[in-house]
Amino acid sequence: MTPSRSAPISRRRPRVLPVRGGGGLTLCYVVLSAVLLSSVVVIVLQCQRYVKLLHRRAAMVSYDRRPAVSSATRRPARPKRKGRKRKPVSMNEAIQRQQQRQQQQKQHQQQQEQQHYNFTDIVLQNRLAHPFRQLPTGIVTSQQPPPTDRNESWCIPSYNKSKHGLLFNKMPKAASSTVSGISLRIAHRYAQRHYPNAINATATVAPCSSRVGHVPGYKANKTFADRDRNRSYLYSTLRDPAHRSLSRVYFTKVSQDGKNGTDSNVISWLRTMMNSQFGAISPGMGGFQLAYLSLNPIDKGSAWTKEEPGEVRDVNAVHENVRRVMSDYDMLLLVERLDESLVAMQLLLGLDVADILYLSSKHAGDYYYSPRADRCIKLVKTTTSARVGRYLRSREWYAKSYGDYVLHEAASQSLDMTIDMVGRERFEEALQRFLQLRKVAEEQCAAEAIFPCSQDGEVQLELSSTSCYHNDWGCGGPCLDDITTTA
């Protein structure tokens with residue numbers, strides 16, 4: 001009987017997954033690299049600790065080798081400060097401290113400005129300042145009344161735009177609207193007071209001839225060069241170049257155009273706005289205000305060039321242009337010293353204190369009526385950041401506005417000379433009288449004056465025409481007249 005065969009046993013090999021791309025070898029390399037990297041890090045840390053230990057031991061050795069110091073010569077330890085309670089400060093003391101800090105900041109800024117140019121010395125060395133002009137036919141005193149014939153006075157009744165009467169070259173963004181109102185107020189009140197019988201076609205006293213307006217295009221020479229100096233009084237305003245340019249930038253670009261006044265934008269506008277009416281600087285003519293007022297043509301690029309914006313090409317030529325402006329104009333009113341300038345002008349022309357009273361035409365935050373847009377525009381307050389302030393103290397800015405700074409300083413020194421000429425005591429008395437009336441005017445007339453724009457930004461030209469001479473010039477005049485008659 002043959003034995004039965006059992007079923008064959010299957011011998012299957014275990015399935016091994018194939019390794020693709022040498023993954024096992026790569027893993028080994030990664031582990032080995034990590035171990036080596038950790039070893040290197042440990043070695044570096046140990047070396048750093050060892051080096052620090054050596055430095056510490058060396059310092060201890062050098063300290064031990066120092067000569068011994070006796071307890072008598074050893075500096076005693078400072079006692080610990082105990083907490084001190086600050087004394088309460090009154091409101092007046094706080095205001096005084098704030099004013100002192102502001103004065104220190106102003107002095108520091110002036111010192112930084114003088115690192116580039118000392119404009120006070122420049123004006124003195126070149127003798128650019130002199131007392132402002134006093135018209136012989138315009139002085140009115142009890143011993144010397146005005147001429148009976150108006151044709152012999154600067155207050156002639158006939159209207160001539162550029163030869164006779166008050167000639168005001170309206171400097172952009174330098175209190176020009178405010179001074180325009182003052183000019184028209186002088187023209188009306190002076191004629192009513194001294195020539196009441198000169199009746200015009202409207203059955204009112206004919207005002208003195210006056211020319212008030214802008215002269216764009218640097219064409220002041222074509223407007224005022226042939227004026228009659230004996231029967232006219234040419235004047236304008238000046239403002240610190242940095243403040244005027246910032247005011248122009250914010251008024252035009254931010255308030256009117258609605259652009260963002262970032263530091264980069266403001267600095268770019270200060271460098272590039274060279275329009276003859278809406279500019280911040282002039283195209284290389286020494287300064288916007290100098291070029292605007294000059295009765296002698298100034299070549300573009302004669303003071304500085306785009307290739308070298310931080311250098312003044314010919315300072316002597318700029319000084320000569322300043323000298324000519326100071327000679328051609330009878331008076332230059334400083335915005336920073338406006339009240340003093342107006343009182344000096346009052347004494348030079350024999351005016352009454354009421355003739356120069358005014359209310360400011362524009363305030364930051366108020367609305368301004370734009371004739372071009374025929375709407376009211378809210379005025380954005382001018383601000384100066386640290387970055388913009390550094391640019392306005394840079395050598396480039398002073399070189400581009402060099403002539404303006406020299407002219408501004410020459411006008412300031414000329415104002416001081418004028419005050420000395422008319423007499424300090426007489427001037428101070430007239431100034432105090434004017435400031436008293438100004439205070440009363442602000443308290444009583446500021447709320448009654450009607451401007452072309454209401455407080456809500458609504459146009460009100462018909463109402464403002466009863467309060468202003470023109471646009472926003474001389475607003476609040478009837479109220480100012482009432483104050484002077486009762487004062």
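## Pocket, cavities and helix packing

The largest pocket holds about 1300 Å³ of space. This is a predicted model. The pocket is lined by 42 residues, and the closest to its centre are Lys173, Ala174, Ser247, Phe251 and Lys362. Three elements give two or more residues to this lining: α4 (176–194), α6 and β5 (367–370). Helix α6 gives the most, with 8 residues. By class, the pocket lining divides into 16 nonpolar, 18 polar and 8 charged residues.

**Cavities**

The whole structure contains 2 cavities of 30 Å³ or more. The largest cavity has a volume of about 70 Å³. The residues that line the largest cavity fall in three stretches of numbering. Thr178, Gly181, Ile182 and Arg185 line it. So do Leu357, Tyr358, Leu359 and Ser361. Gly474, Cys475, Gly477 and Leu480 complete the lining. Helices α4 and α16 (477–486) each supply at least two of these residues. The largest share, 4 residues, comes from α4. Helix α4 also gives two or more residues to the lining of the largest pocket. The lining of the largest cavity divides into 6 nonpolar, 5 polar and 1 charged residues.

The second largest cavity holds about 40 Å³ of space. Met285, Gly286, Ile298, Ser302 and Ala303 are among the residues that line this second cavity. Asp314, Ala317, Val318 and Asn321 line it too. By class, the second lining has 5 nonpolar, 3 polar and 1 charged residues.

**Helix packing**

Two packed helices are described by the angle between their axes and the distance between the axes. The table gives both values for three pairs.

| Helix pair | Angle | Axis distance |
|---|---|---|
| α6 (residues 241–256) and α7 (residues 263–272) | about 110° | 10 Å |
| α13 (residues 402–422) and α14 (residues 424–445) | roughly 105° | within 6 Å |
| α10 (residues 338–349) and α14 | roughly 120° | within 10 Å |

Take α6 and α7 to begin with. Their axes pack at an angle of about 110°, and the helices are therefore roughly perpendicular to each other. The crossing of α6 and α7 is right-handed. From α6, the contact uses Ser245, Leu246, Val249, Tyr250, Lys253 and Val254. These residues meet Val266, Trp269 and Leu270 in α7. By class, this contact has 7 nonpolar, 1 polar and 1 charged residues. Helix α6 thus has two roles in this account: it packs with α7, and it gives the most residues to the lining of the largest pocket.

Next comes α13 with α14. The axes cross at roughly 105°. That makes α13 roughly perpendicular to α14. Asp416, Ile419, Asp420 and Val422 of α13 make the contact with Arg424, Arg426 and Phe427 of α14. The classes here are 3 nonpolar, no polar and 4 charged residues.

Helix α14 also packs with α10. How are α10 and α14 set to each other, oblique or roughly perpendicular? Their axes cross at roughly 120°. Angles of 65 to 115 degrees count as roughly perpendicular, and α10 and α14 are therefore oblique to each other. Helix α10 passes α14 in a right-handed crossing. On the α10 side, the residues in contact are Asp339, Glu340, Leu342, Val343, Ala344 and Leu347. On the α14 side they are Arg426, Phe427, Ala430, Leu431, Phe434, Leu435 and Arg438. By class, the contact of α10 with α14 has 9 nonpolar, no polar and 4 charged residues.

Which residues of α14 meet both partners? Arg426 and Phe427 are in contact with α13, and Arg426 and Phe427 also meet α10.

Key. Residues numbered from 1 in each chain as written. Predicted model: local features only at pLDDT ≥ 70, side-chain atom pairs only at ≥ 80, totals over all residues. Heavy atoms only, no water. Axes fitted to C-alpha atoms, helices over the stretch in contact; angles between N-to-C directions. Parallel < 35°, antiparallel > 145°, perpendicular 65-115°, else oblique. Left-handed = near helix turned anticlockwise from the far one by under 90°. Contact = heavy atoms within 4.5 Å. Nonpolar A, V, L, I, M, F, W, Y, C, P; charged D, E, K, R; others polar. 1 Å grid on protein atoms, 1.4 Å probe; cavity = no way out; pocket = protein on both sides within 12 Å on 5 of 7 lines; lining within 4 Å. Points joined across faces, edges and corners; volume = space filled by probe spheres on them.
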